[in-house]
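Trainee: Could we go through this structure together? I should like to begin with the contact between the chains and then turn to the sheets.

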Amino acid sequence: MKKYYLIPLFILVFFGTGCASKGLKIDPTNPVFTPKNDFEMNYGFFITEDERKKGYSAENNSKFQESISPFNQINTLEEFNKFEKIFWQIRDTDPNTPQNEYKDIIDQRISDIKNEIFFTDIDTPGTSFKRNGGLRGEMARVYLLHGAPSFKDRLPENHTSNRSELIVWYYIDVQGRHLFRFLFYEKYGKMELFKNPSTLFSYEILFNPLSSPLREISMKAFPTSQELMELWMGLDRDDPQWIFRTPLIEFTDYTTDIVMEGGDDKKIGALDPPEPVALAAVRYKPTILGQPGDLSNRNFVFNLQHSFIPVYFRIGYPTGKPVFSILTSCSNLDWEHVEDKMKSVLTLRMSFQNKTTRAIREYFVRLTLTVAKDFCDQKGTVVIYLNEQENFAPQEKNRGTLGDLVNSLESGIYVLNVDLQHVDTKKSAGGWREEITIK
Amino acid sequence: VNRFLLAFFFFSTIFYPCLALCQTNPVIPPNFSSWNTINTSRIELRVSDCASVYLGTETDYMNPDDPMEFARVISRHIAVPINKCKEHNKKSVVAVSTSLYTQKVEQDLLTERSSKNDSFLFVRWRVEYNSRTEHDDKPSGDVDIWFRPSDGNWIFRKNIKVEVESLTENIGDAKSNNVFSGVMYRIGGLYHIVRVSRDNIIDLIKKGSKES
């Protein structure tokens, strides 16, 4: 590597810290100046556009208890401390533990960079973060965002074909597919990140001095078509496995899901500040069905069970056709006080499946039970004769009653499934499954 | 004859409440809370790769005073149908990083539900050394069973088989459209079913097919 890298590095370091607080000039005597600049230096690649420009809005997101100014506008230590607390809180990958695993990982990466862990690396010896922009350089950016690559390799410069030194970092997922292929090339003594893979691979593009992706890895400032062709032929010899050439053409195996920079709702930008995990998780949270709503503002008297309504389900055959009833004690049900009464609303669903034809008939009813306030105190019993109850099953064309449905069943053996559930508390009787014979 | 039968049915239903609800000698199930928990698993119905219904828990205990004595307690809670099927966009990276968060939502709810459960089956047994297998796995003595069928009244039995059946239900007119909807625990002619409501399972399947 050439030694004139020191000049741009010096310029970058000199001006880098001064520019840290984009958007708002802060007096160096302000107590927030140093912590904010340090934060920008260490974690700047993780601050999202929204965090820089909009801050945290309690109105738009219930996760935030109070609104906090955008990072770029912060000019007090108190505001910065609040920002920093939320910043890490919403990035904690495992909310089940007291430590912040994400911050631990990033801090470890910062430490790795400062300790130049790749300088003595067997695959890419001499790789220095410090020489390549330090914590604000592109190499550090990739390392901070994604950690150590799954695979890395180095191709020394080739003066014959005028090709710069190349380093690749591959990130490979559990399926063995390439998530990201980062290619670094030497330019003026510093390793630059190659950011313009040519998605259309053709020799016409490859050897076009105006649009070829090879221009960037050429030692020549303005390579000719012939020089590009020689560079490619040199690569053909130096890189028979296409380890260094593939990133020139394709950044990832997941081209529909991932881009290098500038992601959007559909695509991840590999170099974009990652969306805080707590905010991303809102979109990925599971859908949970069938849970009781908030009953705290309603006046309920619950039974002694947490999930269960003990009920007898009785099938009688007084006239040959089955007659159904349910029976339970008042205290087995959940009741809501409504004015001077108590109300319990249950849904009852029954299905009759013919064992031979497998044809199904459905019955559904919402049973609203209303009793006097002292009914349970008097150890009242609830008996509901179901055959007279109207059928509200949407599948049944002719509604009628349960008795009508039973009468319309063809003779045969049926599997009867019954499900009884409290509408509000979601407690259920569990259900019944019986075989009945219709004559 | 019909009139006679109707009258019989009428009178039987008048007296039935007492026959059904009045227990002369109620069975009181044991309490194993002072025993050591050796294993807890969830009663789960897998609807698809990313949708499940959690219905209860099975917990195994060991008597701290007699390490050869064990108990299993089956409990139910309000069914928790969970659909984790999401769009494939960004799935490879984001879904992995958010999985702990989504798991936490799920785990928090399941923990809450499990803490408010109703036990309906207790089985207690002893084992002794088995020279054939060289393990402590030979049944010894009676197997005691306390069981609470859907009517809510506990019964006690000895050395009887508890049958466990998966329940399926047809969720459409098509003959083959059967899905798992619950589990039935049966002792003789008595049973207790833990199940998910039909509406929830249909929703779960619909959402799964839309989003996965």
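Mentor: Certainly. This is a predicted model, and in it 67 residues of chain A are in contact with 64 residues of chain B.

Trainee: Which residues of chain A lose the most area to chain B?

Mentor: They are Tyr284(A), Leu289(A) and Tyr312(A), which together make up 13% of what the chain A side buries. Between them, chain A and chain B bury about 5,900 Å². Carbon and sulfur atoms carry 58% of that area.

Trainee: How many salt bridges are found across the interface?

Mentor: The rule finds 3 salt bridges between chain A and chain B. One pairing joins the side chains of Arg198(B) and Glu362(A), with 3.0 Å from N to O.

Trainee: And how many residue pairs are in polar contact?

Mentor: The count between chain A and chain B is 18 residue pairs, with both residues at pLDDT 80 or more.

Trainee: Which element gives the largest share of the chain A side?

Mentor: Helix H10 of chain A, residues 277-284, supplies 6 residues of the side that touches chain B, the largest share. By residue type, that side of chain A divides into 27 nonpolar, 23 polar and 17 charged residues.

Trainee: Which strands of chain A and chain B pair with each other?

Mentor: Strand E7 of chain A, residues 287-288, pairs with strand E3 of chain B, residues 66-83. The pairing is antiparallel and runs over 2 bridges. Within it, Thr287(A) has Asn83(B) as its bridge partner.

Trainee: What else does E3(B) pair with?

Mentor: E3(B) is also joined to strand E4 of chain B, residues 118-130, by 8 bridges in the antiparallel sense. There, Ala71(B) has Arg124(B) in E4(B) as its bridge partner.

Trainee: Where does one go from E4(B)?

Mentor: To strand E5 of chain B, residues 135-147, which runs antiparallel to E4(B) and is joined to that strand by 8 bridges. Arg126(B) stands opposite Ser140(B) in E5(B). E4(B) and E5(B) form a hairpin with 4 residues between them.

Trainee: Which residue in that turn has a positive phi?

Mentor: Glu134(B), with a phi of about 60°.

Trainee: Let us change to the sheets of chain A. What is the order of the sheet of 3 strands?

Mentor: The order is E9-E10-E14 in chain A, an open sheet with antiparallel pairing. Strand E9 (312-316) and strand E14 (381-385) of chain A each have a single partner strand, so one side of each is left without a neighbour in the sheet. From one strand to the next, the twist averages 20°.

Trainee: How many bridges join E10 to E14 in chain A?

Mentor: Strand E10 of chain A, residues 323-329, is joined to E14(A) by 5 bridges. Ser329(A) stands opposite Thr381(A) in E14(A).

Trainee: And what of the sheet of 4 strands?

Mentor: That open sheet has the order E1-E2-E3-E4 in chain A, again with antiparallel pairing. Strand E1 (151-155) and strand E4 (190-193) of chain A are the edge strands, and each pairs on one side only. Neighbouring strands of this sheet are turned against each other by 20° on average, with direction ignored.

Trainee: Which residue is the bridge partner of Glu186(A)?

Mentor: Met191(A), in E4(A). Strand E3 of chain A, residues 178-187, pairs with E4(A) over 4 bridges in the antiparallel sense.

Notes. Residues numbered from 1 in each chain as written. Chains lettered and ligands numbered in written order. Predicted model: local features only at pLDDT ≥ 70, side-chain atom pairs only at ≥ 80, totals over all residues. Heavy atoms only, no water. Contact = heavy atoms within 4.5 Å. Buried area = accessible area lost by both parts, 1.4 Å probe. Salt bridge = Lys/Arg side-chain N within 4 Å of Asp/Glu carboxyl O. Polar contact = N/O pair within 3.5 Å; in protein donor to acceptor, adjacent residues only side chain to side chain. Nonpolar A, V, L, I, M, F, W, Y, C, P; charged D, E, K, R; others polar. Pairing = 2+ DSSP bridges. Axes fitted to C-alpha atoms, helices over the stretch in contact; angles between N-to-C directions.
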